[in-house]
Amino acid sequence: MSTKLDTPAVDAAAIRAAMEHYARNGWTDGLPVVPVTESYLAEFLATTGRDPDEVLFVMPHLNRKLTVRLAAINAALAGCLPEYFPVVLAGWDALAKEPYPKKGIWQSTTGTAPLLMVNGPIRDRIGLNSKGNVFGSGFRANATIGRAIRLTAINVFGVRPHQLDQATQATFGKYSACIAENEEDSPWEPFHVEHGLDAETSAVTGLTIRSCMHIEARHTRIPEQLGRDLADSVRRTGALIHETTSVLIVLGPEHAKMFASCGWSKQDVRRFVYENAVNTREELKAVGKDAISRLSRWRLPSDHPDAIPDTASASETPERVPALNSPEAILIAVAGANNAGVSTIIETFGPRGDAPSIAPVRDV
């Protein structure tokens with residue numbers, strides 16, 4: 001950053017006053033927001049052919065709805081450039097297909113966050129990072145597109161901490177969570193192509209996430225070893241809220257290429273992790289999760305008054321309890337730098353066999 005006074009002359013006090021006005025009204029996530037004028041808002045709306053009054057997302061239990069205009073205001077507040085707005089809209093289209101957000105998961109004690117993953121040519125066009133530090137800071141498009149979703153949840157739906165947001169601890173991803181897939185360093189077809197779109201289409205996948213786990217495996221060249229490392233992390237008992245869990249595995253390019261060089265497809269990875277992400281009955285009993293609730297089907301101790309046997313209890317191997325209900329409960333993408341054997345497991349609230357929530361980016 002230069003220390004020279006080479007910027008246009010402005011009234012800094014007036015800008016600070018505007019930012020404090022937004023903060024006093026609670027129209028922020030705790031960080032400063034960008035003041036929005038009608039003329040600046042018009043630049044965002046000009047990037048789309050959609051009606052400003054079109055409804056994008058509804059939370060029926062709150063009797064509140066999001067329109068294109070409200071999404072644009074919050075994208076501008078978040079610091080997006082106008083050319084990012086079609087991606088924000090596609091993000092809302094994808095999240096509208098997700099079953100949990102419209103039911104109030106963003107208010108839950110679990111403290112989930114929305115994650116957007118972007119594919120296709122729009123990544124390069126607006127400078128989305130898919131490589132080194134992909135989950136970190138430093139890239140305006142990633143930081144502000146993800147932030148636009150969270151600010152909208154606060155300002156439009158009223159999901160504020162200590163009020164409608166009842167998260168016990170939450171996750172760092174609630175500030176902003178938007179990544180792009182590193183299609184160029186992946187040995188497999190891009191995520192959105194795997195799920196039915198063509199490679200020239202830009203698309204956004206919407207997910208509801210809990211926590212992220214680093215997988216450090218820098219020296220193995222045996223796919224089964226890496227597969228077991230992934231499976232061991234997927235099956236961790238602390239992740240088991242429901243009877244089974246679901247994950248997005250974001251493989252670093254080095255790990256993805258190692259699998260591919262050994263002839264493994266994404267489906268091979270998925271199948272291996274599914275078959276090995278298994279806890280014993282004793283392991284679950286030791287942590288008080290060897291049964292499920294008859295009401296919620298959440299895991300609990302078998303001596304709890306609501307307890308009933310889980311699905312695995314009726315199988316031919318009742319002492320082996322799968323952490324996943326099918327290989328399709330595992331989504332796989334590739335992102336990060338091609339410089340080390342590092343990957344990430346992102347624990348999600350689905351899908352568990354259903355198709356992921358993907359929406360094409362329109363108006364680009």
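**View 1. The second largest pocket and its mixed lining.** Sorted by class, the residues around the second largest pocket come out as six nonpolar, six polar and five charged. This is a predicted model, so keep that in mind for every view here. The second largest pocket holds about 340 Å³ of space. Its lining counts 17 residues, and those closest to the centre are Arg150, Pro161, Asp165, Ala170 and Lys174.

**View 2. The largest pocket, with Asn133, Val134, Phe135, Gly136 and Ile179 nearest its centre.** Here the space comes to about 680 Å³. In total, 35 residues line this pocket. Helix 6 (140–155), strand 4 (178–180), strand 5 (203–216) and strand 13 (342–348) are the elements that put two or more residues into that lining. As for character, the lining has 18 nonpolar and 16 polar residues, plus one charged.

**View 3. An aromatic cluster made of Phe57, Trp92, Trp106 and Phe157.** The whole structure has ten aromatic pairs. Take Phe57 and Trp106: their ring centres sit 5.9 Å apart with the planes at 10°, so this pair counts as stacked. Phe57 belongs to strand 1 (residues 55–59), while Trp106 is in the loop between helix 4 (85–97) and strand 3 (113–119), so the pair ties together parts 49 residues apart in sequence. Both Phe57 and Trp106 are buried. Now swap Phe57 for Trp92: the rings of Trp92 and Trp106 have centres 6.1 Å apart and planes at 65°, so that pair is edge-to-face. This one also links distant parts of the chain, with Trp92 in helix 4 and Trp106 in the loop between helix 4 and strand 3, 14 residues apart. Trp92 is buried at 0% relative accessibility, and Trp106 is buried with a relative accessible area of 4%.

**View 4. The largest cavity, with Trp106 in its wall.** About 60 Å³ of space lies inside. The search of the whole structure turned up three cavities of 30 Å³ or more. Besides Trp106, the lining takes in Thr112, Ala113, Pro114, Ile149, Arg150, Ala153 and Lys174. Strand 3 and helix 6 each bring at least two residues, and helix 6 gives the most, with three. By class, the lining residues split into five nonpolar, one polar and two charged. Look out for Arg150 and Lys174 in this view, since they turn up around the second largest pocket too, among the residues closest to its centre.

**View 5. The second largest cavity and the residues of helix 9 that line it.** This cavity has a volume of about 40 Å³. Its lining is made up of Ala217, Arg218, Thr220, Arg221, Leu226, Glu254, His255 and Met258. Helix 9 (residues 253–261) supplies the largest share, three residues. Three of the lining residues are nonpolar, two are polar and three are charged.

**View 6. An open sheet of three strands, in the order 9-8-10.** The pairing is antiparallel. Strand 9 (299–300) and strand 10 (307–308) stand at the edges with a single partner strand each, so one side of each has no neighbour in the sheet. Strand 8 (residues 291–293) is joined to strand 9 by two bridges. Across that pairing, Ile292 stands opposite Arg299 in strand 9.

**View 7. Lys103 over the face of Tyr100.** In this last close-up, Lys103 lies at 6.0 Å from the ring centre of Tyr100.

Note on methods. Residues are numbered from 1 along each chain as its sequence is written. This is a predicted model: local features need pLDDT of at least 70, side-chain atom pairs count only at pLDDT 80 or more; totals for chains, interfaces and linings use all residues. Side-chain values use heavy atoms; hydrogens and water are left out. On a 1 Å grid over the protein atoms alone, a cavity is a set of points where a 1.4 Å probe fits but cannot get out, and a pocket is an open set with protein on both sides within 12 Å along at least five of seven lines; lining residues have an atom within 4 Å of a point. Grid points are joined across faces, edges and corners, and a volume is the space filled by probe spheres set on the points. Helices (H or I, at least four residues) and strands (E, at least two) are DSSP runs, numbered from the N terminus. Ala, Val, Leu, Ile, Met, Phe, Trp, Tyr, Cys and Pro count as nonpolar, Asp, Glu, Lys and Arg as charged, and the others, Gly among them, as polar. Rings of Phe, Tyr and Trp (its six-membered ring) pair if their centres lie within 6.5 Å; planes under 30 degrees apart count as stacked, over 60 as edge-to-face and the rest as tilted. Buried means under 20% relative accessible area, exposed over 50%, partly exposed in between (1.4 Å probe, protein chains only). A charge sits over a ring if NZ of Lys or CZ of Arg is within 6 Å of the ring centre and within 35 degrees of the ring normal. Two strands pair if DSSP finds at least two bridges between them.
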